[in-house]
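Biologist: Before I use any of these structural terms at the bench, I would like to hear what each one rests on. Could we go through them one at a time, with the value set against the definition?

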Amino acid sequence: MKITGKTKVVGIIGLPVSHTLSPLMHNSLFSFLDMDWVYLPFEVRQEALQKAIFGLSALGSIGCNVTIPHKIEVMKYLTHIDEKAKRIGAVNTILFKEGEIFGFNTDGDGFTSSLKDAGFILKDKNVLLLGAGGAARAIAISLQDMGIKRLSIFDKERQKAEDLAGSIDNVDAICLDKVETLKDIDLLVNATPCGMKDNDPLPCDISLLHPEILVYDIIYKKTSLLKEAEKRGAKIMDGMEMLIHQGALSFEIWTGIYPPIDVMRKAIL
Ligand code: NAP
């Protein structure tokens, strides 16, 4: 990598950021596409968030990703927020342009785009979403835009599932007290942190899984849920695909170029 007087700077703001794979993904694209750009990690404490955003803008950065714990708080410092990010209530991508600060959320569309890339058509499908937290909310809003038939939501805190179901339009959205069957479910999504640790309990009863279902666990590895689903003949996808596709959409916002997904995948796998 070469840094010149014209190198354009993008990056990620979060706490912590040392584990992030985003610099690898984006810098491999800059090098593959022979672009004089660099993507850097910025560890930012909550009390320094405003200064960090205004500072990046003042320094002429093109934009940045925003990750935990700043995705909601950062919205205060933006001059424009994209409609989808408003509906989700969180921002994961910022663009600095002509003194203005634009906020977007590519998490949910990254999720649906990864399914499209895998050849899975969402229209008229029945989806069961486990979890109703931040990631689930982004996914639910994007699923709604893809014209799914029904969205069932289960969270161990029923009120959270009800609140999320209540904010979904044009789709039959219901919340469950318990996952009792997966018989008519086409896509099962785990958007709970259950499975991050190897000894975590499974997020649902695996004896319900069947070969006609696609099981998508948004955790960044092959979790026990995915291993069990695969054993039962189901198709599986893991969180790396969502990560790659949300990154691709952020890349497009900054550069105007939709990047080669294979280059990103190769860089992080
Ligand atoms: P979050 O805001 O904490 O939401 C998780 C939700 O799941 C909470 O409402 C939690 O309830 C609920 N929950 C936990 N265990 C459950 C269970 N066994 N059954 C039903 N509901 C349960 O977390 P998040 O930010 O949405 O992240 C969720 C996961 O997605 C994390 O593992 C994160 O790493 C991953 N993620 C992946 C990507 C990607 O690009 N692949 C992007 C974002 C997040 P309580 O609050 O009561 O515990």
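**From values to terms**

Modeller: Let me begin with a strand pair: seven bridges join strand E1 (residues 8-14) to E2, and the two strands run parallel. Please keep in mind throughout that this is a predicted model.

Biologist: What makes E1 and E2 a pair?

Modeller: Two strands pair if at least two bridges are found between them, and E1 and E2 have seven, so the criterion is met. Within this pairing, Gly14 stands opposite Glu43 in E2. Helix H1 (residues 22-32) packs on the sheet, where E1, E2 and strand E3 (63-66) are touched by the helix, and the direction of H1 makes about 170 degrees with that of E2.

Biologist: Which strands are called edge strands, and what makes them so?

Modeller: The open sheet has six strands in the order E2-E1-E3-E5-E6-E4, with mixed pairing. Its edge strands are strand E2 (37-43) and strand E4 (80-81), each of which pairs on one side only.

Biologist: How do you know whether H1 is mostly covered or mostly open?

Modeller: Residues under 20% relative accessible area are called buried, and eight of the eleven residues of H1 fall into that class, which is what "mostly covered" expresses here. The buried residues are Ser22, Pro23, Met25, His26, Asn27, Ser28, Leu29 and Phe30. The elements covering them include E1, E2, E3, helix H8 (239-255) and helix H9 (261-268).

Biologist: Why is Asp34 called exposed or buried?

Modeller: The cut-off for exposed is over 50%, and Asp34 has a relative accessibility of 65%, therefore it counts as exposed. Asp34 is found in the loop between H1 and E2.

Biologist: What is noted about the phi of Asp34?

Modeller: Most residues other than glycine have a negative phi. Asp34, by contrast, has a positive phi of about 55 degrees although it is not a glycine. Asn170, in the loop between helix H6 (158-166) and strand E9 (172-175), also has a positive value, near 60 degrees, and is likewise a residue other than glycine. With a relative accessible area of 78%, Asn170 is over the 50% cut-off and is therefore exposed.

Biologist: Which peptide bonds are called cis, and what are their omega values?

Modeller: Most peptide bonds are trans. The bond that joins Leu15 and Pro16 is cis, with an omega of about 0 degrees, and Pro16 is found in the loop between E1 and H1. The bond from Ile68 to Pro69 is cis as well, with omega near 10 degrees, and Pro69 lies in the loop between E3 and E4.

Biologist: Why is Phe96 called buried or exposed?

Modeller: Phe96 has a relative accessible area of 9%, which is under the 20% cut-off, so Phe96 is buried. Phe96 lies in strand E5 (residues 93-97), and, leaving aside neighbours within four places in sequence, its contacts include Ile53, Leu56, Cys64 and Ile101. Phe96 and Ile53 are 43 residues apart in sequence, yet 9.4 Å apart in space from C-alpha to C-alpha.

Biologist: Does the same reasoning settle a charged residue; why is Asp107 called buried or exposed?

Modeller: Asp107, in helix H4 (residues 107-117), has a relative accessible area of 11%, again under 20%, and is therefore buried. Not counting residues up to four places away in sequence, Asp107 touches Lys71, Asn92, Ala138, Met242 and Gln246.

Biologist: What makes the approach of Asp155 to the ligand a polar contact?

Modeller: A polar contact requires a pair of N or O atoms within 3.5 Å. An oxygen atom of the ligand is 2.7 Å from an N or O atom in the side chain of Asp155, and so the pair qualifies. A polar side-chain atom of Lys160 lies 2.8 Å from an oxygen atom of the ligand, while a polar backbone atom of Lys156 is 3.2 Å from a ligand nitrogen atom; these distances are also within 3.5 Å. In total, 20 residues surround the ligand, and the closest are Ala135, Asp155, Glu157, Lys160 and Ile218.

Conventions:
Residues numbered from 1 in each chain as written. Predicted model: local features only at pLDDT ≥ 70, side-chain atom pairs only at ≥ 80, totals over all residues. Heavy atoms only, no water. Helix = DSSP H or I, 4+ residues; strand = E, 2+ residues; numbered from the N terminus. Contact = heavy atoms within 4.5 Å. Axes fitted to C-alpha atoms, helices over the stretch in contact; angles between N-to-C directions. Buried < 20%, exposed > 50% of the residue type's maximum accessible area, 1.4 Å probe, protein only. Near = heavy atom within 4 Å. Polar contact = N/O pair within 3.5 Å; in protein donor to acceptor, adjacent residues only side chain to side chain.
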